[in-house]
Amino acid sequence: MTLNISRIQAAARTLSGKIVRTPLVDSQLLSNISGANVFLKLENLQYTASFKERGALVKLTSLTEEQRARGVIAMSAGNHAQGVARHAKLMGIPATIVMPRDTPFVKVAQTEVLGARVVLHGDTLNQTTAHAEQMAEAENLVFVHPFDDEAVIAGQGTIALEMLHDQPELDVILVPVGGGGLIAGIAIAAKALRPNIRIIGVEASFYPSMHAALKGGAPAEGGATIAEGIAVKTPGKRTLEIARQWVDDILIVGEAEMESAVQLLLEVEKTVAEGAGAAPLAALIKYKEQFKGLCCGLVISGGNIDSRLLASILMRGLARTGRLVRLRISIPDRPGQLAEVARAIGDSGGNIIEIQHQRLFHDVPVKATELDVVVETRGPDHTGILLAKLREAGCPARQLANTSVDAVAATMVLPASHAVEE
């Protein structure tokens with residue numbers, strides 16, 4: 001293995017002045033919530049909102065003049081595509097990006113704007129990769145692998161150099177894991193500089209490929225995930241070899257846990273993270289007893305999240321944490337009762353978001369009716385006050401079950417004092 005700290009330091013010199021030197025932010029509120037001392041490496045502040053620029057630029061810089069003239073080809077569902085496209089354009093290298101057919105239009109458009117030729121092919125990343133490799137051979141293009149390439153791994157490892165320069169006392173670095181290029185580079189660099197540091201990978205529960213490879217479990221099965229950036233069924237050969245030697249553990253987080261982490265990063269740090277980028281925070285919260293009292297660096301690897309998905313996550317998060325509730329209210333079917341309900345909710349500080357008036361399909365007396373009301377509250381305690389106020393007004397109500405509630409979300413609710421201040 002020729003990949004070592006010297007090569008990663010050389011990669012850092014290559015990147016100097018050509019990418020954003022992202023900050024390592026001390027998060028007091030996340031520290032209070034988790035019980036650890038939390039630092040966030042905000043790679044979502046790169047020009048293309050992802051760490052992938054690092055490996056892409058180092059790889060492109062390593063090419064000979066003859067290879068640059070031939071052009072490059074890459075396979076990606078988004079972040080790697082944009083990193084390769086941007087720096088290939090800046091270096092005058094023709095770039096082709098093969099993306100899965102179901103890639104969101106916005107990611108296709110962003111990649112084309114950055115100067116690349118985009119080819120849509122395949123329903124899975126494996127199919128897309130195979131097509132990219134066929135095109136590389138047919139058109140004599142240089143294939144730029146998204147993770148299983150030493151130059152790419154060296155570029156990603158520069159993140160650890162910056163983190164330990166800014167906070168030398170880190171005990172743990174938590175890293176999202178897909179194919180393994182990011183954690184491989186970080187592990188080599190961090191262990192060379194601080195041998196006792198722990199390197200912890202985080203994978204989505206639908207794609208625990210590195211965990212399975214290291215622990216001897218069943219292969220990743222796949223599924224619809226908000227963490228597209230780490231939705232990889234098979235880790236790289238090089239990255240797996242590095243992980244066996246340098247990575248201390250791989251933790252698994254679920255979809256709801258990553259959703260809650262996306263919400264928490266936006267509310268606490270006012271930073272937008274994609275599902276993969278929020279995975280380290282999800283793990284920190286889920287496994288908080290492992291990290292209590294430790295100095296933890298979290299790699300927020302990217303912020304490329306679809307606006308509609310982000311909006312859905314935030315609304316679901318309000319429901320998950322009890323700040324958006326559904327109430328079923330029984331009232332007599334006579335004039336003025338709807339006004340009484342609205343007054344009771346308003347007097348208790350609730351905000352009505354949506355209301356449905358149902359006479360026909362619920363099992364209620366003919367001279368009665370039921371209202372299904374969606375109300376914004378300050379949280380579960382406030383909901384209790386609201387229900388009591390409705391009972392006093394002669395409008396008995398009950399809270400309808402929220403099927404998306406999970407125990408982890410309850411630990412991610414902001415302290416009430418912070419909610420008031422913000």
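A salt bridge is a side-chain nitrogen of Lys or Arg within 4 Å of a carboxyl oxygen of Asp or Glu. The exercises below concern a predicted model.

**Exercise 1. Determine whether Arg-86 and Glu-53 form a salt bridge, and describe where the two residues lie.**

Solution.
Step 1. The closest N and O atoms of Arg-86 and Glu-53 are 3.0 Å apart.
Step 2. The cut-off is 4 Å, and the pair does form a salt bridge.
Step 3. Arg-86 belongs to helix α5 (residues 79-91), while Glu-53 belongs to helix α3 (residues 52-61), so the pair ties together parts that are 33 residues apart in sequence.
Step 4. Buried means under 20% relative accessible area. Arg-86, with 17%, is buried; Glu-53, with 1%, is buried as well.

**Exercise 2. Describe the salt bridge between Asp-123 and Arg-101, and classify each residue by its accessibility.**

Solution.
Step 1. The side chains of Asp-123 and Arg-101 meet at 3.2 Å, N to O.
Step 2. The pair links distant parts of the chain, 22 residues apart. Asp-123 is in the loop between β5 (117-120) and α7 (125-139), and Arg-101 is in the loop between β4 (95-99) and α6 (105-113).
Step 3. Exposed means over 50% relative accessible area, and partly exposed lies between the buried and exposed classes. Asp-123 has a relative accessibility of 52% and therefore counts as exposed. Arg-101 has 48% and is therefore partly exposed.

**Exercise 3. Locate the salt bridge between Glu-340 and Arg-343 within its helix.**

Solution.
Step 1. In this salt bridge, the N to O distance between Glu-340 and Arg-343 is 2.9 Å.
Step 2. Both residues lie in helix α16 (residues 337-347). They are three residues apart, which is about one turn of the helix.
Step 3. Glu-340, at 32% relative accessibility, counts as partly exposed. Arg-343, with a relative accessible area of 44%, is partly exposed too.
Step 4. For the structure as a whole, the number of salt bridges is 21. Salt bridges also link Lys-41, Glu-43, Arg-54 and Glu-162 in a network.

**Exercise 4. Establish whether strand β9 is enclosed or open, and identify a strand that pairs with β9.**

Solution.
Step 1. Strand β9 covers residues 249-253, and five of its five residues are buried, so the strand is largely enclosed by the rest of the structure.
Step 2. Each face may be examined in turn. On one side, Asp-249, Leu-251 and Val-253 are buried; on the other side, Ile-250 and Ile-252 are buried. Both faces of β9 are thus covered.
Step 3. Strand β8 (residues 198-204) pairs with β9 in the parallel sense, over five bridges.
Step 4. Within this pairing, Glu-203 stands opposite Ile-252 in β9.

**Exercise 5. Describe the surroundings of Asp-149.**

Solution.
Step 1. Asp-149 is placed in the loop between β6 (142-144) and α8 (150-166).
Step 2. With 12% relative accessibility, Asp-149 counts as buried.
Step 3. Leaving aside residues up to four places away in sequence, Asp-149 touches Lys-59 and Arg-238.
Step 4. Thr-239 is 90 residues from Asp-149 in sequence, yet the C-alpha atoms of the two are 8.5 Å apart in space.

**Exercise 6. State which residues make the nonpolar surface patch, and examine Ile-352.**

Solution.
Step 1. The patch is made by Leu-338, Ile-352 and Ile-355, and its area is about 230 Å².
Step 2. Ile-352 is found in strand β12 (residues 351-358).
Step 3. Ile-352 has 34% relative accessibility and therefore counts as partly exposed.

**Exercise 7. Summarise the overall structure, and identify where the model calls for caution.**

Solution.
Step 1. The protein contains 19 helices and 14 strands. Of its 422 residues, 56% count as buried.
Step 2. Along the principal axes, the C-alpha atoms fill a box of roughly 85 × 45 × 40 Å. The exposed area is about 18400 Å², of which carbon and sulfur atoms supply 53%.
Step 3. Among contacts with a separation of 6 or more, 73% involve residues 24 or more positions apart.
Step 4. The average pLDDT is 89, and 92% of the residues score at least 70. Over residues 403-422, however, the pLDDT is below 50. In the model, this stretch has 27 contacts beyond near neighbours in sequence.
Step 5. Where pLDDT is low, predicted coordinates should not be read in detail.

Key. Residues numbered from 1 in each chain as written. Predicted model: local features only at pLDDT ≥ 70, side-chain atom pairs only at ≥ 80, totals over all residues. Heavy atoms only, no water. Patch = residues over 30% accessible without salt bridge, like charges linked within 9 Å, V, L, I, M, F, W, Y side chains within 5 Å. Areas by Shrake-Rupley, 256 points an atom, 1.4 Å probe, with all protein chains shown as cover. Helix = DSSP H or I, 4+ residues; strand = E, 2+ residues; numbered from the N terminus. Buried < 20%, exposed > 50% of the residue type's maximum accessible area, 1.4 Å probe, protein only. pLDDT = per-residue confidence, 0-100. Contact = heavy atoms within 4.5 Å. Pairing = 2+ DSSP bridges.
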